[in-house]
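Some questions on the fold of this protein follow, each with a short reasoned answer. Please look at the model first.

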Amino acid sequence: MTRFRLLRMFLWLSVVAWCIGANAKIYDLIVLACAWSASPPESLSLMPYGARFPVGPGEFFAPTSGATLIGAIGALICGWRTPASYRVWLFSSAILILALWVFTITAFWPSNHALFAAVSASPITAEGHAELIRRAHQWIAFDWCRVAMMLGGFVSAVRAISIPIRDVTPET
């Protein structure tokens, strides 16, 4: 199998995974997050985690983002010797999925922990209530940043796959 066939396979994986992940994230944000963030702390009971929900969002997004990472990094490796004007799209897709992971771990995991803890906590003080509202609103704002990163990664992968292979193959 040639390097360019592998490049195309990794690009297809990247495009499909970015598309599925970005669309699912938009749904998650508009439908689920709007419900649980509507009126904290009362609405936090609607968070899609725990025994009431058989599948948590992480169980969907982890494999989807893993496939995106494999596709983006695989495409970058296979397309390493392509012209720089093409390689920029490969780099963009790979950098955006890595940035998405770092952003999720550093910005969301601590917030998730605090929001989940609030669901089972004893009555909240006025300051705690204000902090929960601030965290929920921050979570929503940050999640829109994740959507923007995912759409950027999707556009990068689509742009790369839409360039004919003859235009990226070095002349012999």
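Q: What pLDDT does the protein average?
A: The model is predicted. Of the residues, 94% score at least 70. The average pLDDT of the protein is 88.

Q: Which element of the protein has the highest mean pLDDT?
A: The lowest mean among the elements is 90, for helix α3 (residues 84-120). The highest mean is 95, and it belongs to helix α2 (residues 57-78).

Q: How many helices and how many strands does the protein have?
A: Read from the N terminus on, the elements run α-α-α-α. The protein therefore has no strand to place in that order. The counts are four helices and zero strands.

Q: What radius of gyration does the protein have, set against a compact globule of 172 residues?
A: The C-alpha atoms fill a box of roughly 70 × 30 × 20 Å along the principal axes. A compact globule of 172 residues would have a radius of gyration near 16 Å. For the protein, the value is 20 Å.

Q: What share of the 172 residues is buried?
A: A residue counts as buried when its relative accessible area is under 20%. Among the 172 residues of the protein, the buried share is 40%.

Q: Is α1 roughly parallel or roughly antiparallel to α2?
A: The axes of α1 and α2 come within 7 Å and cross at roughly 150°. Angles over 145 degrees count as roughly antiparallel. The relation of α1 to α2 is therefore roughly antiparallel.

Q: How many nonpolar residues are in the contact of α1 with α2?
A: α1 passes α2 in a left-handed crossing. The contact of α1 with α2 includes six polar and three charged residues. Its nonpolar residues number 17.

Q: Is α1 roughly parallel or roughly antiparallel to α4?
A: The axes of α1 and helix α4 (residues 126-162) come within 9 Å. They cross at roughly 160°, and the cut-off for this class is over 145 degrees. α1 and α4 are therefore roughly antiparallel.

Q: How many nonpolar residues are in the contact of α1 with α4?
A: The crossing of α1 and α4 is left-handed. By class, the contact of α1 with α4 has three polar and five charged residues. The nonpolar count is 24.

Q: Why does Ile30 count as partly exposed?
A: Ile30 is found in helix α1 (residues 3-36). Partly exposed lies between under 20%, which is buried, and over 50%, which is exposed. Ile30 falls in that class because its relative accessibility is 46%.

Q: How far apart in space are Ile30 and Ile105?
A: In sequence, Ile30 and Ile105 are 75 residues apart. From C-alpha to C-alpha, their separation in space is 21 Å.

Note on methods: Residues are numbered from 1 along each chain as its sequence is written. This is a predicted model: local features need pLDDT of at least 70, side-chain atom pairs count only at pLDDT 80 or more; totals for chains, interfaces and linings use all residues. Side-chain values use heavy atoms; hydrogens and water are left out. pLDDT is the predictor's confidence in each residue, from 0 to 100. Helices (H or I, at least four residues) and strands (E, at least two) are DSSP runs, numbered from the N terminus. Buried means under 20% relative accessible area, exposed over 50%, partly exposed in between (1.4 Å probe, protein chains only). Axes are lines fitted to C-alpha atoms, for helices over the stretch in contact, and angles run from 0 to 180 degrees between N-to-C directions. Angles under 35 degrees count as roughly parallel, over 145 as roughly antiparallel, 65 to 115 as roughly perpendicular and the rest as oblique. A crossing is left-handed if the near helix is turned anticlockwise from the far one by less than a right angle, and right-handed if clockwise. Ala, Val, Leu, Ile, Met, Phe, Trp, Tyr, Cys and Pro count as nonpolar, Asp, Glu, Lys and Arg as charged, and the others, Gly among them, as polar. The radius of gyration is taken over C-alpha atoms; the globule rule is 2.2 Å times the number of residues to the power 0.38.
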